[in-house]
Amino acid sequence: MIRTTLILLALAISLAISPAMAQTVKPDCACLNRDGVEVPLGQIACLTVSGRSFTARCASSQNVLTWRKLHDGCLSAQITPIPAS
């Protein structure tokens, strides 16, 4: 009885710890943009594909780095320069 309880307790602890461990990120993980610039996992960047710009986040899916589109357009493209006076 005690052995079964200990096994179940160990299983419950390992299941509780596994999701936290699965989300740990290696510090050297980074996505590459078309120019070869590395963008660290979790950071956002402005990407242009087929003439269309969009904001995307470097993410991981099934241990594969990928870009996740956040929205159309990029903040940097929307900024209007202030004329020099």
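Analyst: Rings of Phe, Tyr and Trp (the six-membered ring of Trp) pair if their centres lie within 6.5 Å; planes under 30 degrees apart count as stacked, over 60 as edge-to-face and the rest as tilted. A search of the whole structure finds zero such aromatic pairs. The model is predicted, so local features need pLDDT of at least 70 and side-chain atom pairs pLDDT 80 or more, while totals for chains, interfaces and linings use all residues. Residues are numbered from 1 along each chain as its sequence is written, and side-chain values use heavy atoms, without hydrogens and water.

User: What makes up the secondary structure of the chain?

Analyst: Two helices and five strands. Helices are DSSP runs of H or I with at least four residues; strands are runs of E with at least two, and both are numbered from the N terminus. Along the sequence, the pattern reads α-β-β-β-β-β-α.

User: Why does T55 count as buried?

Analyst: Its relative accessibility is 8%. Buried means under 20% relative accessible area, exposed over 50%, and partly exposed in between (1.4 Å probe, protein chains only). The value of 8% is under 20%, so T55 is buried. In the chain, buried residues make up 14% of the 85 residues.

User: Where is T55, and which residues is T55 in contact with?

Analyst: T55 sits in strand β4, residues 52-61. Contact means heavy atoms within 4.5 Å. Leaving aside neighbours within four places in sequence, the contacts of T55 include I44, A45, R68, H71 and L75. G73 is also one of them. A polar atom of the T55 side chain lies 2.8 Å from the backbone oxygen of G73.

User: How do you know that C31 and C58 form a disulfide?

Analyst: Their sulfur atoms are 2.1 Å apart. A disulfide is a pair of cysteine sulfur atoms within 2.5 Å. The distance fits, so the pair counts as a disulfide. With 80° about the S-S bond, this link is right-handed. C31 lies in strand β1 (residues 30-32) and C58 in strand β4, so the disulfide ties together parts that are 27 residues apart in sequence. Both C31 and C58 are buried.

User: Why is the disulfide of C46 and C74 right-handed?

Analyst: The torsion about the S-S bond is about 90°, so this disulfide is right-handed. It links distant parts of the chain, 28 residues apart: C46 in strand β3 (residues 44-49), and C74 in the loop between β5 (64-72) and α2 (75-78). The sulfur atoms of C46 and C74 are 2.0 Å apart.

User: Are C46 and C74 buried or exposed, and why?

Analyst: C46 has 37% relative accessibility, which lies between the 20% and 50% limits, so C46 is partly exposed. C74 has a relative accessible area of 2%, under the 20% limit, so C74 is buried.

User: How many disulfides does the structure hold, and what pattern do they follow?

Analyst: Two. With bonded cysteines counted along the chain, the pattern is 1-3, 2-4.

User: Why does the sulfur of C29 have no bond to the closest cysteine sulfur?

Analyst: The closest cysteine sulfur, in C58, is 8.2 Å away, too far for a bond. The limit is 2.5 Å, so this pair is not a disulfide. C29 is partly exposed, with a relative accessible area of 23%.

User: What does the side chain of N33 reach?

Analyst: The N33 side chain reaches the backbone nitrogen of D35 at 2.9 Å. It also reaches the backbone nitrogen of V37 at 2.9 Å. A polar contact is a pair of N or O atoms within 3.5 Å; within protein, one must be able to donate a hydrogen and the other to accept it, and residues adjacent in sequence count only if both atoms are side-chain atoms. N33 is found in the loop between β1 and β2 (38-40). Leaving aside neighbours within four places in sequence, N33 is in contact with L47 and W67.

User: What makes the charged end of K69 sit over the ring of F54?

Analyst: A charge sits over a ring if NZ of Lys or CZ of Arg is within 6 Å of the ring centre and within 35 degrees of the ring normal. The charged end of K69 is 5.8 Å from the centre of the F54 ring, and sits over it.

User: Why is Q62 exposed, and what is the phi of Q62?

Analyst: Q62 has a relative accessible area of 75%, over the 50% limit, so Q62 is exposed. Its phi is positive, about 55°, although Q62 is not a glycine. Most residues other than glycine have a negative phi. Q62 lies in the loop between β4 and β5.
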